[in-house]
Structures are given as C-alpha cells and as structure tokens.
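Colleague: I have a model open and would love a close look at one part of it, the place where two helices pack together. Could you walk me through that part and set it in its surroundings?

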Amino acid sequence: MMRTTWRIGKVFGIAINIDSSWLIIFALVIWTLAGAHFPQQYPRWPTWLHWMVGVITSILLFGSVLGHELAHSLVAIGQGEGVHSITLFIFGGVARITEEPDEPLKELLMAIVGPLFSLATAMAFGVLWFLTRALIQPLSALARYLAMINVSLAIFNLIPGFPLDGGRVLRALIWGLSGDLKVATRLASWAGQGIAFLFMLGGTWQIFGGRWLDGLWIIFIGWFLYSAATSGYRQVLVREMLGEVRAGDLMTTDFATVSGDLTLQQLVDEYVLRHREHSYPVADVGLLRGIICLHDVKAVPRERWPFTKISEVMTPWAELETVSPGDGGSTILARLNARDVGQLPVVEGERLIGLLRRSDVLRYLQVRMA
Ligand SMILES: [Zn+2]
C-alpha cells in the first residue's frame, strides 16, 4: 500500500512527517471539539469562539503528541541510536521510526520517557488551568482539556501491549529477565493483541448501548492497536531471519546508471523504454549524485522533457537513504522503511557499488523461510 506523507519541518535534525491518516484524525478532533465538546461545556460562547478554541486546542494537542515523540527520539539519540524521522499517525509512540535498541535498559528508558513527558505536559496545563480558571474562560477551558488529554495520552501509551510504550517497557523487562528478545517480543505482542481485542469488544458494547460514536472510536483504536501489535512482531521476526546477512551479499551489481547531464527526454527514450526500471541511480564517474524515478519525470510537463536535465529534478544524494556493503539486516530494514523506498543505493563513501532492492530482500527471506 502506498502511504502519503508530508514533511513539515526538522527539529534537532529529525525530519517531522505527517501521514495522510493524521489529517483525517486532525479534522475529526477539530470537529469533535468545536462541534460537540466545547458547545456542550460552554453553551454561552459564540460559535466562532467554539471553533477558534477548538482549532487552537487541536494544534496544541498535535504539539503534545509531537513533544511526546521528540522525548523518545532525544533519549534515543542520547544513547547513540539513529533517529531519522518522526511520522505522526494518530497516537504517538506507535509510529516512531528508529532503529531498535540493542539493550533492555536502553529500550526501557526510551519507552518510559514519552509517557513521562505527557504527564509533565499535563501538569503544566493543569497549572495553567488553575491560574486562569476564574479569569479567562476560553484559556482555562483549553488548558483543562489539554491537561486531561495529555494524562490520557500517558495512560493510553502505558497500556502494556507492544508496540505501545507500555508494551515496550513490558518487553524490555521480559527481555532483561530472559535474555531473549524474540520471546519478549512475542509475549508483549500477545498482550497487545489481547488488549486490542478488549478494546474492540468494549467498543461493540458501547454501540449496543447506543453510544455509537464513542463505540466507533474505541473499535477504531482497538483495530489500530491490533494491526500495530502484529506488524511490530513480524518486523522483529524478519529482522531475526535476516540475521547475519550484509547489504553487500544481497545487492545487485547489474543495473543501469544515468548521467545527471542527460535530459528527461533522453532518459525516457534511451533508458526507461529499454530497461523498464522504475528508478535509476544518477552517477558521475562512479560517484553517486542522486536518484531519478518516473514520479520525478511525470511531475515535469512532457513538452519540458527535452529541456530539463535529470540533475534538476532528481532526488539529490544528500536526501537519499543509502547503505554500506557491511550494513546488516536491521539497518537495511530501517533504511528501506524510513522513506518507504523500493531500493537503496549501496555506497562506499560516495562511490556507488550496488543497488539493494526491496524485492531482493524479500526473495532472500522466502528462501530462508523455505
Ligand atoms: Zn510514546
């Protein structure tokens, strides 16, 4: 499945992305706040005020989730882990893309700091509510809601089901006790699936009780948890199966490269029609300059193709995910997943020596499984 993500900025060197699913959630949150929550709590406010406070509260809620994720990421960076980007889906903690920690204690610290951040944020908003409650009602209403939501965020993320923070804490504890990451992940993932099932059951119960909107929300969260728990476990299995394999073993050395000086028209006529590849590394005397893919070409109007150079529209080297021949399975997976790309250039310094395709990794896994 193709997911669309947008990059909205960079904080502490970490790219901040928004998944398309987040926009739906964001709109739903604004609608719930401005259309239902604030009008019920403060019926005497004018409608524009409901919407204004609703929108500002939603943006601050978004900031709270981002802060939670940044707390995880900064601890990870402090421990020498690579954090490439944060992608916001719905609730923080599930969508974080980092390389997996290699010690139980590291994972424990990384996991717990998110909920602690949310609790601290809740306390700050609680204080703001207390100070403004008799003076500025819209501000105190906003602070009260955000205090409650940050407490909920902390509690929700502490649910002991992998891959939520609480599940990661559970996994770190079992891992520390048993010394076996796979067993720990399996147990934490089962806990996650069990809890997800309870959510869906509870949501169904709510619907039968007539509270269909609450019920749908709870079922939705349950479904989300369930898919996260199963895919999180699968990732660990795959990582384990990739084991000792190196990028250099899986890469292809038989591929076409193009020069950045070619025009898009030449690329299409001489390469795309012949090789039928979706994307081409752009190299200059063996040094990697970037990657050009058909999406980049299609973004340029056809009549401009003879006058546009590849180097003008390619994804430049600095923005590419690459691997070294010595990189192992978990790095390969993390890089492939970081931007959801189909292939990674394999480089030694700037020198392009191979291409690692997602399909080659999959084929290797199939052979291993058989
Ligand atoms: Zn978290």
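Modeller: Happy to; here is the helix packing, with the rest of the chain around it.

Residues are numbered from 1 along each chain as its sequence is written. This is a predicted model, in which local features need pLDDT of at least 70 and side-chain atom pairs count only at pLDDT 80 or more, while totals for chains, interfaces and linings use all residues.

First, the setting. The chain is divided into domain 1 (5-242) and domain 2 (247-369), with bounds that come from an automatic or database domain assignment. The C-alpha centres of domain 1 and domain 2 lie 35 Å apart, and the C-alpha atoms of the chain fill a box of roughly 70 × 55 × 40 Å along the principal axes. The secondary structure comes to 13 helices and nine strands; these are DSSP runs, numbered from the N terminus, with helices being H or I over at least four residues and strands E over at least two.

Now to the pair you asked about, α5 (165-178) and α6 (181-208). Helices α5 and α6 pack at an angle of about 145°, with their axes 8 Å apart. Here the axes are lines fitted to C-alpha atoms over the stretch in contact, and angles run from 0 to 180 degrees between N-to-C directions. The crossing of α5 and α6 is right-handed, a term used if the near helix is turned clockwise from the far one by less than a right angle, and left-handed if anticlockwise. From α5, G167, L170, R171, I174, W175 and S178 meet L181, V183, A184, T185, L187, A188, A191 and G192 in α6; a contact means that two C-beta atoms, placed from the backbone, lie within 7 Å.

V183 is a good residue to zoom in on. V183 lies in helix α6 and touches I174 and S178, not counting residues up to four places away in sequence. V183 and R171 are 12 residues apart in sequence and 8.8 Å apart in space, C-alpha to C-alpha. V183 counts as partly exposed because 14 other C-beta atoms lie within 10 Å; a residue is buried at 20 or more such neighbours, exposed at 12 or fewer, and partly exposed in between, with C-beta atoms placed from the backbone. Over the chain, buried residues make up 34% of the 370 residues.

A188 leads on to the core. Of the 30 residues in the largest nonpolar core, V113, A188, L225 and A229 touch the most other members; such a core is a set of buried Ala, Val, Leu, Ile, Met, Phe, Trp, Tyr and Cys residues joined through C-beta atoms within 7 Å. Helices α2 (47-78), α3 (104-132), α5, α6 and α7 (212-242) each supply at least two residues of this core, and α6 gives the most, with seven. Leaving aside neighbours within four places in sequence, A229 is in contact with G161, F162, P163, S189, G192, Q193 and A196. A second, separate core of 24 residues includes L267, L288, I292 and V347.

L288 also belongs to a strand pairing: in β6, L288 is the bridge partner of A283. Strands β5 (residues 279-284) and β6 (residues 287-293) pair in the antiparallel sense over six bridges, where pairing requires at least two DSSP bridges. The two form a hairpin with two residues between them, and V285 in the turn has a positive phi of about 40°.
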